[in-house]
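Colleague: I'm new to this one, so could you walk me through it? Let's have the picture up first.

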Amino acid sequence: MTQGIARRDGYRAAAAGLAAAAFGAGLGELSAALFLPAASPFAVVGGALIDLAPSWAKDLAIALFDTFDKAALLIGIAVVLAVIAATAGVLERRRAGAGAVIVGAIGVVGAAIAMTRTGAGAFSWAPSAVAAAAAIVALRMLIRRLRPESRLAAPANGTADEIDRRRFLIWTGAAAVVGVVALVAANVAHGASRSIEAVRKALRLPVAQSPAAPIPAGAELDVPGLAPVVTPNHDFYRIDTALVVPQVHPADWSLRIHGMVDRELVITWDELLALPMQETDVTLACVSNDVGGSLIGNARWLGHPIRELLARAGVADDADMVLSTSVDGFTASTPLEALTDGRDALLAIGMNGEPLPVVHGFPVRMVVPGLYGYVSATKWVTQLEVTRFDRADAYWTTRGWSARGPIKLQSRIDVPREGRRIDRGDTVIAGMAWQQHVGVDGVEVRIDGGPWRPATLATAISDDTWVQWSVPWTAEIGSHEIECRAVSSKGETQTQDRAAPAPDGAQGWHRISVSVA
Ligand SMILES: Nc1nc2c(c(=O)[nH]1)N[C@H]1C(S)=C(S)[C@@H](COP(=O)(O)O)O[C@H]1N2
Ligand SMILES: [Mo]
């Protein structure tokens, strides 16, 4: 009998731990959402984990969860917290204060991490402290009702015991409900900070002084299943380390250009808008994009050439790199040459005719043709430091990726889809090819290791964009392997040698299997 009660009380203690944790997490998140959005305990811990995670873990997360990698991370944190909270509940029942110490330690860790994050303020520790304090109070209050002493003190009849347990359940349930409601409210409050979205929507972009030519008529082959040559903003891949998307008000935004320059420069949003704007089509690709992958997209960007700003600041002769910094601490190392050699490297404010979407860097980001995003496409950019590769390292460089990231020649088969069953007879094979700022001269396709056949290239928008290609195929019954390879404008043929994305981009031929029936 006593044993049974003990076991049941063990479960109840674990439940109390969970409820106390929900209560604390809810109040902590709510206080953050209302007063210090950037100091949300979940966000700071998640952000720190992202920054600390080795590259293979990041690759694995992208491979497993794709763009749900961030949701998966938050769920992971919640599960770990739940296990710790349940344990704290059990220990607190055995010994008053034991569970509270564990909860307090978690709070201290959260507060310490919050203080070390980029942009931390004097009170960034506070939401974690609120969370821990609330959880400790709830835990102690709930567990006290389970403690053997209090049970012995109660009259040894079942009715009193029943009432006690019922009260315990009510209070535990109440703590859990308050916690969950607070978490939901925190999310809603956070959503309200989408006021930045409202600011964005109300913005009118300036007219380009040098507009891009219309997309050439022959750029789009109109093959069903083939990626469109201009990627709509809502379909554009998103890669960044930001667990909470930075909400930067244009009025608060400025860009500081400093380092090895003759004169420091600070540009405000209004000053930027007053500068001549240029429109240009650039295909952006992620270095993590595997052969055949989809972490690539093409957009029409509107912005001011970065070389003009660098010229105004006056760059030292021995500088060879620009370290750009985002408001959230992300950094990228861009070879100075790529910003000054005349290519369309932009400080961009527009994407496909709209202000930059918030997830794509609103209000201002960099776009540099010919380089992978991690060394060039800093979103929410606020600083350009002119420096040298032997003096500074960027975010991914310190994590084992190459300091410079020129884009490799690549091609991809979109149609038919890998593993698809298709009907025999006349059909079409189609895909995309790219090597930004070099350009693609041709694509070849072969089936079942046979002879290479030239594909028809669509009209390229420019050397800075990807290009579609297609080739007719009379599919015969059976299973077939299709491969493609591109030839660049420099006459280079895409290498067959396979390489994984790390450290400087994937390479090798895209090969798919289809069965024809
Ligand atoms: N602030 C910030 N900018 C960033 C990143 C980031 O993590 N933080 N990731 C870079 C990487 S790795 C890529 S591939 C591109 C992706 O840009 P997109 O999300 O607009 O497609 O942004 C770059 N700019
Ligand atoms: Mo990337």
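Modeller: Sure. Before we start on the sheet, one ground rule: two strands pair if DSSP finds at least two bridges between them. Also keep in mind that this is a predicted model.

Colleague: In what order do the five strands of the open sheet run?

Modeller: The sheet is open and its pairing is mixed. Strands E12 (421–422) and E15 (453–454) each have a single partner strand, so they stand at the edges with one side left without a neighbour in the sheet. Going across, the order is E12-E19-E18-E14-E15.

Colleague: Over how many bridges does E18 pair with E14?

Modeller: E14 covers residues 440–447 and E18 covers residues 478–488. Among the bridge partners, Val443 goes with Ala486 in E18, and Glu444 goes with Arg485. The two strands pair in the antiparallel sense, and the count is seven bridges.

Colleague: And on to E19: which residue there is the bridge partner of Glu483?

Modeller: E19 spans residues 510–516 and pairs with E18 in the antiparallel sense, over seven bridges. In E19, the partner of Glu483 is Arg511.

Colleague: Is E18 largely enclosed by the rest of the structure, or largely open?

Modeller: Let's count residues, where buried means under 20% relative accessible area. Eight of the eleven residues of E18 are buried, so the strand is largely enclosed.

Colleague: Now helix H4: how far apart are its end C-alpha atoms?

Modeller: H4 takes in residues 69–94, which makes 26 residues. At 1.5 Å a residue it should span 38 Å, and the model agrees, because the end C-alpha atoms are apart by 38 Å.

Colleague: Which residues of H4 are buried?

Modeller: Here's a helpful bit of background: an α-helix has 3.6 residues a turn, so residues three or four places apart point the same way. For H4, the buried residues are Asp69, Lys70, Ile77, Ala85, Ala86, Ala88, Gly89, Glu92 and Arg93.

Colleague: Zooming out, which three residues supply 35% of the area that domain 1 buries against domain 2?

Modeller: The domain assignment gives domain 1 (2–193), domain 2 (217–399) and domain 3 (410–516). The contact takes 17 residues from domain 1 and 16 residues from domain 2. Together these two domains bury about 1,400 Å², with 59% of it on carbon and sulfur atoms. More of domain 1's share comes from this trio than from any other three residues: Asp51, Lys58 and Lys70.

Colleague: How many salt bridges does the rule find across that interface?

Modeller: The centres of domain 1 and domain 2 are separated by 39 Å, taken over C-alpha atoms. As for salt bridges across their interface, the rule finds zero.

Methods
Residues numbered from 1 in each chain as written. Chains lettered and ligands numbered in written order. Predicted model: local features only at pLDDT ≥ 70, side-chain atom pairs only at ≥ 80, totals over all residues. Heavy atoms only, no water. Helix = DSSP H or I, 4+ residues; strand = E, 2+ residues; numbered from the N terminus. Expected span 1.5 Å × (residues − 1). Buried < 20%, exposed > 50% of the residue type's maximum accessible area, 1.4 Å probe, protein only. Domains from an automatic or database assignment. Contact = heavy atoms within 4.5 Å. Buried area = accessible area lost by both parts, 1.4 Å probe. Salt bridge = Lys/Arg side-chain N within 4 Å of Asp/Glu carboxyl O.
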